[in-house]
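User: Please take a close look at the aromatic residues in this model, and set them in the context of the chain as a whole. I would like the geometry of the ring pairs spelled out with care.

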Amino acid sequence: MGFQANVPDTVAELISRSIDFNRSLRKIKASQPNEWWQWYPYDSLSSLLNLEPILNANWPRILDALAAGPLIDIGCGDGDIAYFFAASGCKVTAVDNPPTNYNFMAGVRELRNLTGLAVDIREADIDKGFSIEGDDWGLALILGILYHLKNPFYVLEQLAYRARYCLLSTRVARLTTTGLNIQNEPVAYLLDHREANNDPSNYWIFSEAGLLRLMRRAGWRTIGAISLGSERSNPVDGDADERMFLLLRSELRSAPATIRLLHGWMDVVAQGWRWTLKNFGFEVQIAGDRRPFGFLLGFNLPAVITDAGKAILRCAVNGIACPERSYATSGDHRYEAQLPEPVDHTKTIIFEFAVVHSADFPFDSRDLGFIMPSGAIQGISEKILFWLD
């Protein structure tokens, strides 16, 4: 488990505690001046205040994240947020890179001595290799450091394999420095040396659309998003700063479950995929007592099917019908639905699917459904593209 009974019951309690904890940290830091280094000068815990609308809208998911495993704070600064969650009973790892940390990580180490809180401190340059050993995480914090990464796609994808949820913030831009509107274009601006804030460690400033596409391509689903700051933001000017805050759910990590294929599955071919028949099914045994928010099945529709008209996919879970979906184009698709309320998630669950299409297959006399690619979603025992939210 990621937390103990000391975790706040509500967002209001979380915010109230963070304000009190922040006040205590300020007193501790003020009473401990250092001759050789200085404390990180910015208010890290204010990120929780900025995230309050997302936390309020998604509090059950935040509790789910904290229950799913330990917390990791990447780019921790002095570790203010890491120590706050440690004080709330969470198992926490704090990660930073000494050469780019404000005080070469002296602050985060000193706070461990001064607070007596058990935070696991790690040194890592995640741009050069995401090799943080130890537990996988229920919640990752990556607040205010994405634009300091040379390789943000690599870091986010690797993190999606290790963490169930992520809270992320970064600077975004609506306009370029020449006034070109990029808000709805999936692009990023590469900063020149010391172009922004006289800081050579700043690299990528994404547009809003670019940031959201990056998350999706790196294996994350955006659950909540807000923007704060200038409505005329650009990548460079201090008075044109805008920040985007995201709650993300990894689609590379399922809630853990064991799957057993039932009827309607063809043999796996050399390329790693297989056909289903028009009617196929599998059973799922969820690990633990957590009820999933929903489920997803990924599949591929070849052109031979969609050339003959749209395809329809029907689903029943323990005999209870889920919404019917139709697909008119070939390629990769997803079927998504909520787990029906009457389904007891603590017992074996039967998923049954029916594919309706009018295609003929001259190369095969069997009643083929669609193509199931081979998946590798962590937490799921069978390598099919099935994911539990």
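Analyst: In this predicted model, the chain is built from nine helices and 21 strands. Its radius of gyration is 24 Å, close to the 21 Å that the globule rule gives for 389 residues, so the chain is as compact as a globular protein of that length. Taken along the principal axes, the box filled by the C-alpha atoms is roughly 80 × 50 × 35 Å. Of the 389 residues, 52% count as buried, and among contacts between residues at least 6 apart in sequence, 73% join residues at least 24 apart.

Turning to the aromatic residues, a search of the whole structure finds 21 aromatic pairs. For the rings of Phe280 and Phe370, the centres are 5.4 Å apart and the planes stand at 70°, so this pair is edge-to-face, the class for planes over 60 degrees apart. Phe280 belongs to strand β12 (residues 279-286) and Phe370 to strand β19 (residues 368-372), so the pair ties together parts that are 90 residues apart in sequence. Phe280 is buried, with a relative accessible area of 0%, and Phe370, at 1% relative accessibility, counts as buried as well.

Phe370 also pairs with Phe299: here the ring centres are 4.2 Å apart and the planes are at 10°, so the pair is stacked. This pair, too, links distant parts of the chain, with Phe299 in strand β13 (residues 295-301) and Phe370 in strand β19, 71 residues apart. Phe299 is buried, as is Phe370. Phe280, Phe299 and Phe370 are members of one aromatic cluster, which also includes Trp265, Phe282, Phe295, Tyr327, Tyr335, Phe351, Phe353 and Phe386.

Aromatic rings also meet charged groups in this model. The charged end of Arg61 sits over the ring of Phe293, at 4.2 Å from the ring centre, while the charged end of Arg249 sits over the ring of Tyr165, at 5.4 Å from the centre of that ring.

An aromatic residue in a loop gives another view. Phe104 is found in the loop between β2 (92-96) and α6, and at 58% relative accessibility Phe104 counts as exposed. Its phi is near 55°, a positive value in a residue other than glycine; most residues other than glycine have a negative phi. Asn198, which is not a glycine either, has a positive phi of about 55°; Asn198 is found in the loop between β6 (188-190) and β7 (204-206) and is exposed, with a relative accessible area of 52%.

As for the helices, α1 (residues 11-30) has 20 residues and reaches 28 Å from its first C-alpha to its last, close to the 28 Å expected at 1.5 Å a residue. Among its buried residues is the aromatic Phe21, together with Val11, Leu14, Ile15, Ser18, Asn22, Leu25 and Lys29. Seen down the axis of α1, the buried residues fall within an arc of 130°, so they line one face of the helix. Ala12, Lys27 and Ala30, on the other side of α1, are exposed. The buried residues of α1 pack against α2 (46-50), α3 (52-57), α4 (59-68), α5 (80-87) and α6 (106-115). In helix α7 (residues 152-162), the buried residues are Pro152, Val155, Leu156, Leu159, Ala160 and Arg162; viewed down the axis of α7, they fall within an arc of 160°, so they line one face of that helix.

Note on methods: Residues numbered from 1 in each chain as written. Predicted model: local features only at pLDDT ≥ 70, side-chain atom pairs only at ≥ 80, totals over all residues. Heavy atoms only, no water. Helix = DSSP H or I, 4+ residues; strand = E, 2+ residues; numbered from the N terminus. Expected span 1.5 Å × (residues − 1). Buried < 20%, exposed > 50% of the residue type's maximum accessible area, 1.4 Å probe, protein only. Arc of directions from axis to C-beta. Contact = heavy atoms within 4.5 Å. Phe/Tyr/Trp six-rings, centres within 6.5 Å; stacked < 30°, edge-to-face > 60°. Lys NZ or Arg CZ within 6 Å of the ring centre and 35° of its normal. Rg over C-alpha atoms; globule rule 2.2 N^0.38 Å.
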